[in-house]
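Hi everyone, thanks for making the time this morning. I'd like to walk you through one structure, strand by strand and then into the interior.

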Amino acid sequence: MKDSLFPYSLIILFLSVSLALQAQTDTGKTMYLDSVNIKAYYGKNFLQTGAAVNYISPQQLAAFNNTSVLQALNATPGVRMEERSPGSYRLNIRGSSVRSPFGVRNVKIYYDDIPFTAPGGASMFNMIGYYNAGSLEVIKGPGGSVYGAGTGGVLLIHPPENNQRKITATLMGGSYGLFGAHASAAVKNNLLQYEHLQSDGYRDHTAMRRDNFSWDASLRSTEKNSLTLHLLYSNLFYETPGALTSTEFNANPRAARPATPAFPGAEQARASIHQQNILAGLSQVYTISTQLKNTSSLYGFYSYTKNPTVQNYERKREPHFGGRTLFTYDFKAAGPSLLELNAGGEFQQGIFRYKTFKNRAGKPDSLRIEDELNIHQYFVFTQLNWNYKNWVVTAGASINNMQLDFKRISTVP
């Protein structure tokens, strides 16, 4: 079966106008706050960006516990991050995950200009550890032209800065078997990190364990050209206890889903997820002239998942790769006006293989379904930013194309 979604359709994604308000100044004393540079929509700062953008700084991330970025994101208006099981997340931006029963969908995620979201639309956000994020930017609402035809929003993850030589080590512990360890070494433009996190969980059958390794390196850094390398590996395991009825909850709120005459309980089925992910990407910023700059990235992503449930046992292999390029031209207009043009494109290809078996006490039994999905998508975009005095005008458009080839390999009816 072959289907084409949005075939070469032109989508006008946004036209936004914002007016920067003048703040009253105290004639007796004037204070200047530190400026915040952002990458969202390439507007450089909040006053040059005609969109709802929230910046979560390293200081804001450090204000909460170092198990995940959940609390820092939940402190952002309009954003709700949920943890249905320890290590399993949903990301809701202005109601974007209403139709997502699990996982992060409908939100586009980038890691230092590298596409992190798979071509099918899902994001393995649970592979990101607390120490992998140096700062975050949240774009609320549709991502608009430069990020494709997404409808939920955009999350930009910036890796930690590596501007000094140091070695750090951290240990932490808490109730319900919580234990974490982190070690990092920053030397010669290389940042190596290892993070371990485990917990027994509050409920029965809610144990989790995650090991993360990351390598962020600056391979070249000159006035005209910078090249960075990112390598992330995650080995994640967590148990899924299942839902309880009100009667079961009142009897024991810490219990896992019990067995029924038709299905085994969560513990008997060993319902859980074991997921291994690896991301490798290169990102380059090249200054062609004083007015023209290019930002490009290439990446490869491999994900392997084992997921026994109360009925089935699923194995998934989801490799995908792609790239992105952006040209920025600054017209350098004279006077108080500033005109900037952004144009580029993004491409992703994924070949996914799914096998579903009958689950027999946490082990695969007879094969039920085997499918192969070949997904490729691309979009080209352009965006114009115009700043005149206190006015900010942003207009953009993109052409989006997605194709899905579906093949059932198994012969079982």
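Let's start at Asn54, whose bridge partner is Val138 in strand 11. That pair belongs to the antiparallel pairing of strand 4 with strand 11, which runs over 4 bridges. Before I go further, please keep in mind that this is a predicted model.

Step back from Asn54 and you see an open sheet of 5 strands in the order 4-11-12-8-9, with mixed pairing. Strand 4, residues 53-56, and strand 9, residues 114-115, stand at the edges with a single partner strand each, so one side of each has no neighbour in the sheet.

For the overall picture, the protein has 4 helices and 24 strands. Its chain has 413 residues, and 45% of them are buried. If you take contacts with a separation of 6 or more, 62% of them link residues 24 or more positions apart. The accessible surface is about 21,300 Å², and carbon and sulfur atoms account for 57% of that.

Now to the interior. Which residues touch the most other members of the largest nonpolar core? They are Val69, Leu73, Phe125, Leu136, Leu155 and Ile157, out of 32 residues in that core. Several elements each supply at least two residues to this core, among them helix 2 (70-74), strand 11 (135-140), strand 12 (153-158) and strand 19 (292-308). Another core, of 10 residues, lies apart from it, and includes Val53, Leu156, Leu326 and Phe379. As a reminder, nonpolar side chains tend to be buried together in soluble globular proteins.

Ile157 is a nice one to click on. Beyond its neighbours within four places in sequence, Ile157 is in contact with residues including Ile109, Tyr111, Phe125, Ile128 and Leu136.

Next, some hairpins. Strand 5 and strand 6 run antiparallel and are joined by 6 bridges. Within that pairing, Glu83 stands opposite Tyr89 in strand 6. The hairpin has 2 residues between the strands, and Gly87 in the turn shows a positive phi of about 95°.

A second hairpin is made by strand 13 (residues 166-174) and strand 14 (residues 178-187), antiparallel again, with 9 bridges. Here Ile167 stands opposite Ala185 in strand 14. There are 3 residues between these two strands. One of the residues in the turn is Tyr176, which has a positive phi of about 60° although it is not a glycine. Most residues other than glycine have a negative phi. Is Tyr176 buried, partly exposed or exposed? With a relative accessible area of 41%, Tyr176 is partly exposed.

His205 makes a good companion to that turn. His205 also has a positive phi of about 60°, and it is not a glycine. You'll find His205 in the loop between strand 15 and strand 16. His205 has a relative accessible area of 12%, which falls under the 20% cut-off, so His205 is buried.

Let's stay with strands 13 and 14 for a moment, and talk about empty space. A search of the whole structure finds 5 cavities of 30 Å³ or more. The second largest cavity holds about 60 Å³ of space. Where does its lining come from? Strand 13, strand 14 and strand 15 (190-199) each supply at least two residues of that lining. Among the lining residues are Asn66, Tyr131, Thr170, Met172, His182, Glu195 and His196.

My last stop is the stretch from strand 16 onwards. Strand 16 (residues 208-221) carries Ser218. Ser218 is partly exposed, at a relative accessible area of 27%. Leaving out neighbours within four places in sequence, Ser218 is in contact with Asn189, Leu227 and Thr228. The C-alpha atoms of Ser218 and Lys188 are separated by 8.6 Å, and those two residues are 30 residues apart along the chain.

Strand 16 pairs in the antiparallel sense with strand 17 (residues 225-239) over 13 bridges, and a hairpin of 3 residues joins the two. In that pairing, Ala217 stands opposite Leu229 in strand 17. Strand 17 then pairs with strand 18 (residues 272-287), antiparallel once more, over 15 bridges. There, Leu232 stands opposite Leu279 in strand 18.

That's my tour. Thanks for listening, and I'm happy to go back to any of these views.

Definitions and conventions: Residues are numbered from 1 along each chain as its sequence is written. This is a predicted model: local features need pLDDT of at least 70, side-chain atom pairs count only at pLDDT 80 or more; totals for chains, interfaces and linings use all residues. Side-chain values use heavy atoms; hydrogens and water are left out. Buried means under 20% relative accessible area, exposed over 50%, partly exposed in between (1.4 Å probe, protein chains only). Contact means heavy atoms within 4.5 Å. Accessible areas come from the Shrake-Rupley method with a 1.4 Å probe; for residues, only the protein chains shown count as cover. A nonpolar core is a set of buried Ala, Val, Leu, Ile, Met, Phe, Trp, Tyr and Cys residues joined through side-chain atoms within 4.5 Å. Two strands pair if DSSP finds at least two bridges between them. On a 1 Å grid over the protein atoms alone, a cavity is a set of points where a 1.4 Å probe fits but cannot get out, and a pocket is an open set with protein on both sides within 12 Å along at least five of seven lines; lining residues have an atom within 4 Å of a point. Grid points are joined across faces, edges and corners, and a volume is the space filled by probe spheres set on the points.
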